[in-house]
Amino acid sequence: MKTTRKSLMLTAAAAIMFAGFNVQAKAEFPEKPVEMTVLFGGTAQTIGQLLADLMSKNLAEPVVAVSRTGGGGAVGYSHVQSTGADGYNIVWNSNSISTSHYRGNMPFNYEAFTPIARVSVETPALAVRSDAGWKSLEDMANAVKAGDKKLKVGISGNGSFTHLTSAALFDKMGIGDKIVYVPYGKGKAPVELLAKRVDAAVQWPGQFIPHQQSGDLSILCVTGKDRIPQLKDTPSCAEVGAGDLDITMWRGLAAPAGTPADVVAKLQAAAKAAIESGEFKSAADKIGFEAAYLPADEFGKLIASDDAVIGDLMGKLGLKK
Amino acid sequence: MDAFYSALGAISDPFTLLAIVAGSIIGIVFGSIPGLTFSMALALVLPLTFRFETGAAIGMLLGTYIGGMTGGSVSAILLGIPGTPSAAATVLDGYKMTRNGRAGLALGGAVLASGFGGIFSLLVMIVSVDMVARLAIQFGPVEIFALVLFGLSTICGLAEKSLIRGMIAGIIGLLLMTIGLDDMDGVARMTFGWTPLLQGVDLLVAMVGLFAVPQIMKTLIDYRTDSAFKLNASDIRSELPTRKQLRSSFWLMVRCSGLGTAIGSIPGTGGPIAAFLAYDHARRFSKKPERFGKGSLEGVMAPEASNNAVTGGAMIPLLSLGIPGDPATAVMLGGLLIHGLVPGPMLFTQNKPEVYLIYLAILVAYVAVVVFQYFGIRGFVKLLKIPPHLMAVGILIMCGVGTFAIRNSFLDIYMMVGVGLIGYLLTRARIPVTPIILGLVLGPTLEREFRTAMIMSEGNWSIFFSSISAIIFYLLTIGVIGFHVFSQIREAKTARRDNEQQQGAS
């Protein structure tokens, strides 16, 4: 009896000691700077740098935004996927994880990463020239159906997110077979629309808004299920005849699969504080992102369901490898 | 006018001035070190500016952009390695001038031409931003394709003695650029299924490889064989251009600045094309074309005036349409947006004070850059007193660091070395490397615009002849190539006749 008690006490002491060590080890993440791989340049990079900056305030060590562009995101994803699952390498990701995978540019898919948090949402918009005389999505669809000319639509690249969005939209409107997609890089599609070389463009709202204010372009609808704060008077495509269309592009943070849950939780908390700060919200608004925090589990479900939708769409378009 | 005064007030804030000057210096430093570019400097400076006031933030970004554009000429002239892609044309004559012991003159000419080009483009922007923007968007895929094709014809002028060798080099450049992910269709090309290769050959990596590596190898080989090129310390003067030299090239600078502004204002073209076209133009219309390629001051001033005029030109579509023309202006766009300035047609009505502030900041940045670089010449030329073999090692290290820093990729360092070895072998085979750069710079644009035009016309070739300006560029291209081939045939004929006469006489 005595010995049992003694051994019990010893065990308890050991357990407490181990637990203590464990707590200490956990408390120490991060012991060195966390590297956040940024996959794209332009405004995505700007907002990524700001996010890293704000997250640094909530962690013992800084988060450093490191740009690894190229391959439509595949280069950066491959880099992060190949690093240790210890939370020191995270990626500023987006739906490009699915598009890159289905194009056959990466041998792994979203399951190679464990989600940390969703950060923002961007909703593509459809715009036409004001002098085209199309007041609504329906006007445009009817005109295309009645005419014998194909509609030229400016997008960001074949297989890009704006391409998939347009394809889904025009499919719902029943004019999917009367479209010519013209891919432009570097945000040139709005200019091509202004210069009358294309008839419509599907891009990010921020690229259209100044031209709508000046009266040159009109934005017909946005592709999410709801309206967006930047364009309160513009209907969602679903409201004006596009059935149940609901396509938005998310950006968020992820780490290699197998990263310990407590490390993920810490990063998630730092991200949450950064995203919900006034500074991030106002910067995101100005740049045309919508700050939209989601915790890791919900974000994971979203990634999986979007992956299925994107895979299906790309299959229909013959873009899937 | 109130808007102007409020901008004047904002710019005379000491912190804003300090930010512009600091940006200019950062830009010059990044621009002048081979491998580090101003696009990189801008990305590093951007987070700093998040918490600045609008004036200081935009001033610092503009200063960095402008400092970087002019700084690229320093290493182009002194080391024969362009600091930025836009300075590749400056190497041709600038480095020859250094070898002739006239580095100071070349640097002085370069910085004055840079300042001239920049301020010229600023004036064009102020006077006619709306008109230029409206004209520039008329340049669609067909017109840009034709313009780039014309740009490729300058290979003729760069091919030195043999047109065939120039073409070989140009085609190598075009082929190298196809490696990686194709932006339009999102498919991998020439990657053999290896994901890291999807990033392709970065222009800057290839440029550092082609210019720096062969030269470093040559320096070290020459050092071992003791036939090193030695520059007497007494030969290095910080000689500056005389007023007469400046006056005689005034109209050349005006023409090249005009060219640079025009090309800069067309989204998707940019500095390198402008610089090569300006160099070709200067050589073609020079009173002493034989001096080109051997150390002509005009051959330094023309591309420098032109590539700096691109800065003002590129600001036109950025501010009036919200379209970034190159990676550097894409970072600028982020900086403007985060401070609530939305480029586009409304900017000029809603944010008048900020627009004036941008104009003033460009002016201040150019003054700062010219002053720093002009008075820095005496310091820069002292670099030449370092023994070449020691310098070569230092350059190699900087190039390694710089190529890695572009996108944090080790593969890029191997790529630089690989491209450099190929470049060394090519120079041994007397194939010039500059046309490779031209192929690398112009290839992606040429291909993209061609394919976009074909998609728009649904495969109908007649679209390429649907625009007057495109046809003019085709004719110019044919003219340049025809002229070159014709004069080569004539040269060959006279050479043969002289030969026969000599044989007859002996």
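Start on chain B of this predicted model, and colour its two domains separately: their centres, taken over C-alpha atoms, are 31 Å apart. To make the selections, use residues 2–454 for domain 1 and 467–506 for domain 2, as the domain assignment gives them.

Now look at where those two domains of chain B meet. Nine residues of domain 1 are in contact with twelve residues of domain 2. Which helix should you pick out on the domain 1 side? Go for H7 of chain B, residues 141–152, which brings six residues, the largest share of the side of domain 1 that touches domain 2. If you colour that side of domain 1 by residue class, you'll find seven nonpolar residues, one polar and one charged.

Next, bring both chains into view. The contact between them takes 47 residues from chain A and 44 from chain B. Stay on the chain A side and select these pieces, each of which supplies at least two residues to the side touching chain B:

- helices H2 (42–56), H3 (74–81), H7 (189–194), H8 (205–213) and H10 (278–287) of chain A
- strands S2 (63–67) and S7 (179–183) of chain A

H2 of chain A gives the most, with seven residues. Switch to colouring by class and this side of chain A shows 15 nonpolar, 23 polar and nine charged residues.

Hide chain B for the next stop, a five-stranded open sheet in chain A. Its strands run in the order S7-S6-S8-S5-S9, with mixed pairing. What stands at the edges of the sheet? Those places go to S7 and S9 (217–222) of chain A; each has a single partner strand, so one side of each has no neighbour in the sheet. Turn the view and follow the twist, which averages 30 degrees from one strand to the next.

Zoom in on S5 (residues 125–129) and S8 (residues 200–203) of chain A: they pair in the antiparallel sense over four bridges. For one of the residue pairs, click Val128 of chain A, whose bridge partner in S8 is Ala200 of chain A. Then add H8 of chain A, which packs on the sheet and touches S5, S8 and S9. The direction of H8 makes about 140 degrees with that of S9 in chain A.

Last stop: colour chain A by confidence. The average pLDDT of chain A is 89, and 92% of its residues score at least 70. Where does pLDDT stay under 50? Select residues 17–26 of chain A, a stretch for which the model has one contact beyond four places in sequence.

Note on methods: Residues are numbered from 1 along each chain as its sequence is written. Chains are lettered from A and ligands numbered from 1 in the order in which they are written. This is a predicted model: local features need pLDDT of at least 70, side-chain atom pairs count only at pLDDT 80 or more; totals for chains, interfaces and linings use all residues. Domain bounds come from an automatic or database domain assignment. Two residues are in contact if their C-beta atoms, placed from the backbone, lie within 7 Å. Ala, Val, Leu, Ile, Met, Phe, Trp, Tyr, Cys and Pro count as nonpolar, Asp, Glu, Lys and Arg as charged, and the others, Gly among them, as polar. pLDDT is the predictor's confidence in each residue, from 0 to 100. Two strands pair if DSSP finds at least two bridges between them. Axes are lines fitted to C-alpha atoms, for helices over the stretch in contact, and angles run from 0 to 180 degrees between N-to-C directions.
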